[in-house]
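Hi,

Here is the structure I promised to pass on. Have a look at it first, and then read my notes below.

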Amino acid sequence: MTESISLALVAYLTGGPSPWPRKDPAALAAAVGADEAADLLPALDALAEEMLTIPVSWENQTLESGTAQAKDEMGARHPDLTDDALKALGSYFSYNWK
């Protein structure tokens, strides 16, 4: 199940036609099917929102280093997420903090 969460997270945040990372329920449904997408969506939304709430001291960080810090924190909190899922969360975080 944890690998399916990671694969779904990548599809949800980066799988759509948008050139920037964003939540895309249609891309998720295309990747995993409508029923599984509906089941996974609450967990994916929770992970994306958790990523955005990780505290970063922006006065001491650049966008790149702050993103790396947040990505590392999510990896520590959720060691079951794949590198690709953490990369997708990092891109989502970075785009939202620009």
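**Notes on the aromatic cluster, the core and a serine**

W58 comes out as partly exposed, with a relative accessible area of 27%. Before I go on, please keep in mind that this is a predicted model.

W58 belongs to an aromatic cluster that it forms together with F93 and W97. The structure has four aromatic pairs. In one of them, W58 and F93 are stacked, at 6.1 Å centre to centre and with 25 degrees between the planes. That pair links distant parts of the chain: W58 sits in the loop between α3 and α4, F93 is in helix α5, and 35 residues separate them. F93 itself is buried, at 0% relative accessible area.

F93 also pairs with W97, but this pair is tilted: 6.1 Å centre to centre again, with 45 degrees between the planes. Both F93 and W97 are in helix α5, and because they are four residues apart there, about one helical turn lies between them. W97 is partly exposed, with 40% relative accessibility. So the cluster has a buried member in F93, at 0%, while W58 is partly exposed at 27% and W97 is partly exposed at 40%.

Now to the core. Nonpolar side chains tend to be buried together in soluble globular proteins. Here, the largest nonpolar core has 24 residues, and the ones touching the most other members are L9, L13, L44, M51, M74, L81 and L89. Two or more residues come from each of α1, α3 (34-52), α4 (63-77) and α5 (83-97). Which helix gives the most to this core? That is α3, with seven residues.

L89 is a handy residue to click on if you want to see this for yourself. Setting aside neighbours within four places in sequence, L89 is in contact with L9, L13, L47, A48, M51, M74 and L81.

Last, a polar residue: is S6 buried or exposed? S6 is found in helix α1 (residues 2-14). Its relative accessible area is just 1%, and since the cut-off for buried is under 20%, S6 counts as buried. The S6 side chain reaches the backbone nitrogen of T82 at 3.0 Å. Apart from neighbours within four places in sequence, the residues in contact with S6 are D80, L81, T82 and A85. You will recognise L81 from the list of core residues that touch the most other members, and L81 is in contact with L89 as well.

Cheers

Technical notes
Residues numbered from 1 in each chain as written. Predicted model: local features only at pLDDT ≥ 70, side-chain atom pairs only at ≥ 80, totals over all residues. Heavy atoms only, no water. Buried < 20%, exposed > 50% of the residue type's maximum accessible area, 1.4 Å probe, protein only. Polar contact = N/O pair within 3.5 Å; in protein donor to acceptor, adjacent residues only side chain to side chain. Contact = heavy atoms within 4.5 Å. Core = buried A, V, L, I, M, F, W, Y, C linked by side-chain atoms within 4.5 Å. Phe/Tyr/Trp six-rings, centres within 6.5 Å; stacked < 30°, edge-to-face > 60°.
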